[in-house]
Amino acid sequence: DVNGLDFWFPELKRLINLPQNPAFHPEGDVWVHTMQVLDRAVSFRDRVSRPFSFMMSALCHDLGKIEATKEIDGVIHAYVHESLGQPLIKDFLTRITGDKAVINYVLNMSFYHMKPGVMARAGSSQKSFNKFFDDSVCPSDLIFLALSDEGERNENIENILFERLGAFNEIMSRPFVQGKDLIEAGLVPDRSFSEILEYAHKLRLAGVSRESALKQTLAFARKMK
């Protein structure tokens with residue numbers, strides 16, 4: 001009402017009248033969509049780990065459409081807007097806060113905001129979900145952001161996503177190979193140690209037991225020598 005967007009938040013101003021494909025966004029432009037996502041995100045605010053950062057993610061998640069939106073053969077697309085939005089989001093946030101944890105959280109959440117719905121609909125494997133959740137700064141918060149973004153199109157994906165997250169959390173609660181285990185087994189920390197630990201972590205994500213993972217990791221380490 002006071003034209004404050006012009007000076008303080010020009011990125012948000014650019015969302016007004018920025019078109020979207022009506023087949024997926026019958027609500028209208030990116031601004032209207034973003035405001036609706038914010039409204040839905042409020043209902044999850046008391047269930048997330050970082051409420052302020054979560055709401056900022058809802059606000060910023062589609063800033064990349066400023067750079068990505070194009071009309072191709074009469075159809076509006078915003079391919080890779082989640083990637084193209086990263087610099088815009090970072091610039092926007094650094095004018096608001098110097099808290100790196102907030103900035104990193106919002107960048108991560110915005111980058112992955114579409115993936116939960118895509119994976120749920122594709123019937124992705126638990127292993128794929130494990131890798132994805134491991135890359136997320138907060139998987140449960142990300143699910144709530146995805147649900148806020150989906151709105152009426154969520155097609156009951158919430159149950160699928162939280163079922164997958166439950167399985168991921170169970171796997172991550174099991175004993176796993178750590179650096180001290182490798183040292184006790186005779187490995188000397190050197191330049192390759194981080195790569196060996198990364199291999200062990202991949203086995204953990206695959207649900208391999210600690211005992212079996214230790215054997216496989218030591219075999220992998222021997223091949224590297």
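Me: How exposed is Arg-14, and where does Arg-14 lie?

Reply: In this predicted model, Arg-14 has a relative accessibility of 47% and therefore counts as partly exposed, since that class lies between the limits of 20% and 50%. Arg-14 is placed in the loop that links α2 and α3.

Me: Which residues does Arg-14 touch, leaving aside those up to four places away in sequence?

Reply: Arg-14 touches Ile-66 and Glu-67. A further distance can be read for Leu-63: Arg-14 and Leu-63 are 49 residues apart along the chain, and their C-alpha atoms are separated by 8.8 Å.

Me: What share of the contacts in the chain joins residues 24 or more positions apart?

Reply: Among contacts with a separation of 6 or more, 63% are between residues 24 or more positions apart. The chain has 225 residues, of which 43% are buried. Its secondary structure consists of 14 helices and two strands. The C-alpha trace spans about 65 × 40 × 35 Å along its principal axes. The accessible surface comes to about 12400 Å², and carbon and sulfur atoms contribute 55% of that surface.

Me: How should one read the packing of helix α7 against helix α10?

Reply: Two packed helices are described by the angle and the distance between their axes. Here the axes of α7 (residues 100–112) and α10 (residues 139–150) come within 10 Å and cross at roughly 55 degrees. The two helices are therefore oblique to each other. The crossing of α7 with α10 is right-handed. On the α7 side the contact is made by Tyr-105, Met-109 and Tyr-112, and on the α10 side by Asp-141, Leu-142 and Leu-145. By class, these residues comprise five nonpolar, no polar and one charged.

Me: Is Leu-145 of helix α10 buried or exposed?

Reply: Leu-145 has a relative accessible area of 1% and is therefore buried, the limit being under 20%. Beyond residues up to four places away in sequence, Leu-145 touches Phe-54, Ser-57, Ala-58, Met-109 and His-113. Leu-145 and Met-35 are 110 residues apart in sequence, with a C-alpha to C-alpha distance of 13 Å.

Me: How many residues of helix α4 are buried, and what covers them?

Reply: Helix α4 (residues 51–60) is mostly covered, with eight of its 10 residues buried. Among the buried residues of α4 are Phe-54, Ser-57 and Ala-58, and these three also touch Leu-145. The cover over the buried residues of α4 includes α2 (10–13), α3 (30–42), α6 (81–94), α7 and α10.

Me: What is notable about the phi of Asn-3?

Reply: Most residues other than glycine have a negative phi. Asn-3 is not a glycine, yet has a positive phi of about 60 degrees. Asn-3 lies in the segment before α1 (4–8). With a relative accessibility of 58%, Asn-3 counts as exposed.

Me: What is the phi of Asp-73, and where is Asp-73 placed?

Reply: Asp-73 likewise is not a glycine and has a positive phi, of about 55 degrees. Asp-73 is found in the loop between β1 (70–72) and β2 (75–77). The relative accessible area of Asp-73 is 78%, so Asp-73 is exposed, the limit for that class being over 50%.

Key. Residues numbered from 1 in each chain as written. Predicted model: local features only at pLDDT ≥ 70, side-chain atom pairs only at ≥ 80, totals over all residues. Heavy atoms only, no water. Axes fitted to C-alpha atoms, helices over the stretch in contact; angles between N-to-C directions. Helix = DSSP H or I, 4+ residues; strand = E, 2+ residues; numbered from the N terminus. Parallel < 35°, antiparallel > 145°, perpendicular 65-115°, else oblique. Left-handed = near helix turned anticlockwise from the far one by under 90°. Contact = heavy atoms within 4.5 Å. Nonpolar A, V, L, I, M, F, W, Y, C, P; charged D, E, K, R; others polar. Buried < 20%, exposed > 50% of the residue type's maximum accessible area, 1.4 Å probe, protein only. Areas by Shrake-Rupley, 256 points an atom, 1.4 Å probe, with all protein chains shown as cover.
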